[in-house]
Structures are given as structure tokens and as C-alpha cells.
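Subject: Model for your review

Hello,

Here is the structure I said I would pass on. My notes follow below it.

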Amino acid sequence: MKYVDEFRDGERARGLARALCAEADPARRYRLMEFCGGHTHAVFRYGVPDLLPGNIELIHGPGCPVCVLPIGRLDMARRLVEKHPEVILASYGDMLRVPGSGRRTLLQAKADGADVRMVYSVSDALELARTNPQRQVVFFGIGFETTTPPTALGIVEAQKNKLQNFSVFCNHVLTPAAMGAILGAPAGDSDTVAIDGIIGPSHVSVIIGSDAYRFCPDRHHKPVVIAGFEPLDVLQSLLMLVRQLNDGRAEVENQYIRAVTAEGNRRAQELVARVFTLRERFEWRGLGEIPRSALALADAYRDFDAEHRFAMQYVAAEGTKGCECPAVLRGSKKPEDCALFATACTPQSPLGSCMVSDEGACAAYFTYGRFRQDALAPPGQRRGVHGEVRKA
Amino acid sequence: MSGQSEFLPGQRQARRLDLHSGTVQMNHGAGGRAMTDLIDLLFRKAFDNPLLNQANDQARFHVPAQDMVMTTDSFVISPLFFPGGDIGSLAVHGTVNDLAMGGAEALYLTAGFILEEGLPLADLARIVDSMAAAAREAGVQIVSGDTKVVERGKGDGVFINTAGIGRVIAGVNVSGDRARPGDKVLISGTIGDHGVAVMSLRQGLSFSTQLRSDSASLNGLVAVMAARAGPSLKVLRDPTRGGVAATLNEVAQQSGVGIQLQETALPVRPEVRGACELLGLDPLNVANEGKLLVICEADVADELLATMQQQPLGRDAAIIGEVIEDPLLLLRMTTHIGGDRVVDWLHGEQLPRIC
Amino acid sequence: MCLAIPVQIDEILDAEHAIASVSGIQREINTALVEDLQQGDYVILHVGYALSKLDEEEAAETLRTMAEAGLLQDARQ
């Protein structure tokens, strides 16, 4: 596959690994957060930590829209479809197995008779609305800035074609706001995790542009490297971060130059600005309430807002007792620090969103087995969840 | 006495079956004339063999001297027809393969049908003809069957249950618990073809592809493999639901070993890769219906591979890994970039993702 | 966080739609977010929508700098 295979090549990987091992200063640690859940997934799926020197520690960020969606918002979707038999809830596959309150999932609601349908694209949801004129189709919109423009296009098309039975339950969230919350967390707080630099998301950046991260060096003095999606992109980005830190620099650098520009996709940005408006505040699992961090439909498109059409109410909900998803999402705890990890909470019976989403840190770690391999490391030299060497 | 008694089998006056526009009715399962006509004019006509033509409720045959294998399977796939096959051919190939994975020559199959009222007879005829062709190709006979009809809405068109009987090939002793450290792991061809071909028909995942299901009977391939390296074969298994990942995890557990795969050695068609990348799926978790995994002693691996590659169903065969010592009994893989990861059992059906 | 892959434009249907393929898998995609598309271009595809074009030269440049990083190490040793 062009533009994919070349960026998974073993030969180049070995070269980058050699460079990383040579340039990482043995006298210091590099604590680097990969913000995006897709990067977390790729890191474990390809075994990137195996190629890193022991003093580079990868901290998993909250860039997993499934993981950060508050349980209360998921409950709203489930209540909607349980209370309104005329509603077809069209959802991406990612959301179907996430446990809400009472550990109930959308898939279980479907088994109990609710009309929940998996779609690959918002255009599939529009098609459902067209072919089922007597039903109400509600599209469960989730995702960071990558996924928001497609939802916007869907809403615009619905308005143009007067598709009255279509609406969107909007849960789109913003990356810089979440990154700011992580970097701005009070230092010295036991919950705050120390981060030296950030690997920025690939496809969010295609939309918002690399300039959108200037606040990281400007306000927080942290370097950011925007990384492509493939494992070699991640390796090269780590090298660029190591070099910045060695040089004492803090800049925004773009490694994903084949797809990301400084200003991003202007057309997409303008569309999103037209169709959506900023919510004053929004609750994030793990990060608490963050001001101006999420989107709702703008007034001009109110007719297509499911929250308005169905008078949906948000009720804050607690996660399962003992679930450490909030701390894992902040990076202040590792999966194995959670008492439920791999005991009561497994991909087969997930108790929290970090385990049910493919790119949640707990799922990635469990599925790709880091902890099982580390259990066998020789005494005195264990590798932790991020690949760092720990004293046993 | 005249030989044209209407009570002799095959001599009865049969009504014509409206295969063009008729549908399955409740009386087709009621045990009366309608059912017998359906059986005679559709099933028996297609499957046509001496045992079946005796028209008894059971088939009688001589049991050979060596060990036998027996298997049962049910098929509920939807849609009924897909590129490269249908529920009928899948039923035959699937059952034959269960027997072949026991290191056996497939002999006889049974086929029980649960039909939904309203199923077009034309569709049923298509399925039955497809089964007959698959059986002929595999060299097996369908010697007994059963027909039931359920009310509209209580079935998915048609469900098929089968049983199969085979005779173990002399010198072959394969079982899931026989893998040992040092053994090599081979696959007979490209992985994920069936799952992706069927997925492309599912609403909401629409993409067009030339890809067809790989559904096929593997008994011929197994016979050739057994002739070449019979005693050195340790495990034979076809990676159907759950894909290669589920199957090798099962074997690792059964045998009390670990298995290490090489990602660069896995044969995957470009279209399967493309579809899996599009949907965020892993080919190792996707179903196959015409492939087998074989674990064999290391010293015969190269020879066995060459033998397989000369067979039509083994052209893309490859050595993909080896069995190792591992107290954790994990299936692991060296990735494209030289890292290591566990290939875990999937829990439930793999769902496409956008993140 | 955002699964997206490079696909190639096989046919432009109109200002907002095209047929694209990857490894023989073909799908109709929405191109409303990308300007000046031509047959043969590569785009990043996410949930059925093209997000941007892939720059062939920049891709080659990235591969070159990746290879260079490895060679530098060989030279130092």
C-alpha cells in the first residue's frame, strides 16, 4: 500500500532506533506523551517500545474520544433510543461496547430491542434517514477535529435536502483545549504527571494545522512534534523531540509534512465554524470540566440538534467503583496501577472506557500483552507499561 | 406381477415443484406428500448417490478397519449468497474440512435443513445445486438428510446442520495438543479472504471488491500432505471464525506452548489489507473458509511447503512461525518494524472503528 | 485517534464526490473538504471523507530523512 508500507519498513525502523539510542542522553529521562489514542494503538501494535532506549518513557494521552466521553453523555444516547422507539440511533462501531451506567452498552440495548445501527460514515446515517422517512434517525457524533468536518457536511446536506427526520447528538471535542488542560495542570499535584514533550496527533493536525499548537512552547515551554500515523513516523518524531530537548529548544515541529501544513485545512475549519458553536464548558472523563473544549450545533442549525429536538437531559454519572480510567487518561496512573485491570476488567468484560476502546491505554496494553511479557523480565530489570526500565 | 407399482421408490407420480416462483410452505415440513416431493425432486435429485437413493431414514455402510472421525456443524450465515459461495457450498466445505483437519479422508455427510416459510424455492434450488457440486468436487456423498419448516420470521431463510464421517489416513496422528517447541507453523494460503468478502455485503460497510470467499474443501490438499510427511504432521486446523489468531491461541493452550509468528511472512492479499486498513481490522482475526494451518516437525517444513505450493489450494502457502517454550502460552508476533507483540484472542466479533 | 488511510482517486464524479481505491478496494468518497483534486491524486480518507491531499514530494523527503538518520549512526561508528 503506497504511503503506508514504506513507513513500516523494518530497515528504516532499525536505523531510527539506532539514532534514538545514540542520541538519547543516558543521564536524563525523556517523558513524552503521545496525545492521540491512535498513536497509542500503533505503538503497542508494532512493538515500538522494543526499539527504544530505556530512558524514553511514553505516557499515554487522552486523545481517545471514546475514552473521554463522560458516562452521562453515553447514557443520554441509550435513554433516547430506549424511550423513543421511532428513533434509529446511527453510531460508529467504537461506541457500541462502551459500558454506561449500570454497565449497560448500546449493543445490549440493541439486543433488548432498541434500534441501534452501526455506520461507517455520517453519509450512511443520512441514507438511513432518506430510506426510512417515517422514522427519526439520530447520528451519534463523536470525535476530535478530524471527525467533526464530516459531521458538519452531513448537517449541511440534511438542511439542503430538507431531511427533517435527521438530527445529530453532538459530542465533538477539541484537542488544544485538552492538551492545555494536561500541560496546565498544577505542578507538584500528586495527580499531575510530568511531561517533557508531546507527540501531536496526525489527522487532527491535518484539519487544524501545526500552528494550532504554538501555545505549547509559548505558554508551557514544551516542545511538540506533529507525527504521522505509521510506526516510523512515531520513531522519527521521538527522535525530533529528543533532539529538541537535548538542544534546550521548545518548538512546534511538523514530522507529518506529507499531509499537515501550518494553517491546516481552511475549508474544513470555516465549515466547522459555521455549523458549530463552542460550548461554554464540557465534562471530560479524567480531565474534569474544561471550558470551551467542545462543540454544539450553531443556532442556524438548531433544527438538526438532537438534544434540542428530543429534550435530552444530561445527568452526571459515576464510573464503576475502583475504575481508574480518569487517572489513566491523565497519564498519572498506568493500567496495571488500577486494581481492576486484568482482573475484573478485561476486553471481554470491560468496566471502563480505557479497556473497551481499541486505543484506550488499558485495552492496548492488555491486548498486545506488554504486562505479560514484562512479568518475565529478569529481576532488577523490568520494563514498565511505557517501555521504560523500572527497578523490579 | 407388473413392475410399475406406485409403491416402489421412484415410481410414484410426483407433482412438479415450482422452482421458478414457488416458496417454501409449512406443509413442506409436515411429513406428507409435499415434503416427499421436495425431497425427491430437489434434494435427492441433486445429491444423487446410491445410499441416498435407497430412500431410507438412515444410510448403511461398512466400517473400515482403521480409526474413524466424526464431526457436526451448523451454518447460519447471512447473507445466504456471497461472492465465491453460499450457505450450501460453505456447509459442505466446512464439514469436509472438519474431517480433513482430523487427518482423515472424508467419506459421508448428512444435511439437515431448517427452512423458513416463504423462502423462494429458486434460492433453495441454487443452494442445493451448489452443495451437490461442492460434494462432487470434494469426492464425498451426502447420504442422509432431514427437512423442517419454521414459520415466517422464525428463521433466517435457511439454516443447515451437517454431520460428517471420515476415515483416518494411515500414519497420521494430528491433534491440537501435539505442538512442541521447535515445530514450524505453516499456512496454506492468504488470510482473511472470506471474512472481507462477506463483510463487503454488510450494510454500512459498502465497498466494492473483486475479492471472493476462499471457501473450498481441503481434503485433497491434506491427502497430498499426508502422503509426503504424514507422521511428521502434529496439528492440522482450519482458521475459520476468529481467524488465525483464535486458532493458534487454542493450539497454544491445548499443547502448553508458545508460538512466535513473523509478520513479514504472513500472506495477505492486497484487497484484504486495504479493507482491513480502511476499517481498522486485523487480518489475523478475520475468518477463512478454505485455508489450513499445519504444525509440523522442523526438518520436514521446507519439503512440506514445496509440496503444498504445488497444489491448487496451496499456491500461496508459507512458513509463518514456530512453536516455542513459553510458560504464559502466548501467541506472539515479530512485527514489521522488529518489535514484539502479543496476538490476542478476540473477545466477541471484531467491530470496525473510526478512531 | 483518527483512523485515516491514503487512498488514490480513480475517478472524479463531481465537485464533492469521487471514486477512490486502495489495494483494489473501491469506494465512493466525499471530497467536499479538498480543492483541486485530480484523477491519480492521493488523499487521506477518514470515515468516507477526504481530509487533504498527500504531497508526494514531502513523502519522499520524509523517507529520505528517515534513512539518513540511520546512516548517520553507521558513519559515526
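In which sense do strand β7 and β11 of chain B pair, and over how many bridges? The two strands run antiparallel, with four bridges between β11(B) and β7(B), residues 184–187. Before the rest, please keep in mind that this is a predicted model.

Strands in chain B

Within the β7(B) pairing, B:Ile187 has B:Ala318 of β11(B) as its bridge partner. β11(B) also pairs with strand β9 of chain B, residues 258–262, again in the antiparallel sense and over four bridges. There, B:Ile259 is matched with B:Val323 of β11(B).

Two domains of chain B

Chain B is split into domain 1, made of 26–55 and 64–168, and domain 2, which covers 184–342. Their C-alpha centres are 27 Å apart. The contact between them involves 20 residues of domain 1 of chain B and 22 residues of domain 2 of chain B. On the domain 1 side, α3 (87–100), β4 (104–116) and α4 (121–138) of chain B each contribute at least two residues. The largest share of that side is eight residues, from α3(B). By type, the domain 1 side that touches domain 2 of chain B has 11 nonpolar, seven polar and two charged residues.

The sheet of chain A

Chain A has an open sheet of five strands in the order β2-β1-β7-β8-β9, and the pairing is parallel. Its edges are β2 (56–63) and β9 (252–254) of chain A; each has a single partner strand, so one side of each has no neighbour in the sheet. From one strand to the next the twist averages 25°. At the β9(A) end, strand β8 of chain A, residues 224–226, pairs with β9(A) in the parallel sense over three bridges. In that pair A:Ile226 stands opposite A:Asn254 of β9(A).

A helix also belongs in this picture. α11(A) lies across β1 (30–36), β2, β7 (197–200), β8 and β9 of chain A, and runs at about 150° to β7(A).

Contacts between chains

Chain A touches chain B through 38 residues, against 23 residues of chain B. On the chain A side, α1, α2, α3 (65–68), β4 (116–118), α11 and α16 (361–368) each supply at least two residues. α2(A) gives the most, with five residues. The chain A side that touches chain B divides into 19 nonpolar, nine polar and 10 charged residues.

The contact between chain A and chain C takes 42 residues from chain A and 34 residues from chain C. Here the elements of chain A that each supply at least two residues are α1 (10–23), α2 (37–46), α7 (148–160), α9 (202–208), α11 (231–247) and α12 (266–275). The largest share, seven residues, comes from α1(A). The chain A side that touches chain C is made up of 23 nonpolar, 11 polar and eight charged residues.

α11(A) therefore appears in three places in these notes: it lies across the strands of the sheet, it supplies at least two residues to the side that touches chain B, and it does likewise for the side that touches chain C.

Backbone points to check

Most residues other than glycine have a negative phi, and most peptide bonds are trans. Three places in the model depart from this.

The peptide bond from B:Ser78 to B:Pro79 is cis, with omega near 5°. B:Pro79 sits in the loop between β1 (68–75) and β2 (81–82) of chain B.

A:Tyr3 is not a glycine, yet has a positive phi of about 70°. A:Tyr3 is placed in the segment before α1 of chain A.

B:Leu329 also has a positive phi, near 55°, and is a residue other than glycine. B:Leu329 lies in the loop between β11 (318–324) and β12 (331–334) of chain B.

Are A:Tyr3 and B:Leu329 buried or partly exposed? A:Tyr3 has 22 other C-beta atoms within 10 Å, and 20 or more are needed to count as buried, so A:Tyr3 is buried. B:Leu329 has 15 C-beta neighbours inside 10 Å and therefore counts as partly exposed.

Regards

How values were computed
Residues numbered from 1 in each chain as written. Chains lettered and ligands numbered in written order. Predicted model: local features only at pLDDT ≥ 70, side-chain atom pairs only at ≥ 80, totals over all residues. Contact = placed C-beta atoms within 7 Å. Nonpolar A, V, L, I, M, F, W, Y, C, P; charged D, E, K, R; others polar. Domains from an automatic or database assignment. Buried ≥ 20, exposed ≤ 12 C-beta atoms within 10 Å, placed from the backbone. Pairing = 2+ DSSP bridges. Axes fitted to C-alpha atoms, helices over the stretch in contact; angles between N-to-C directions.
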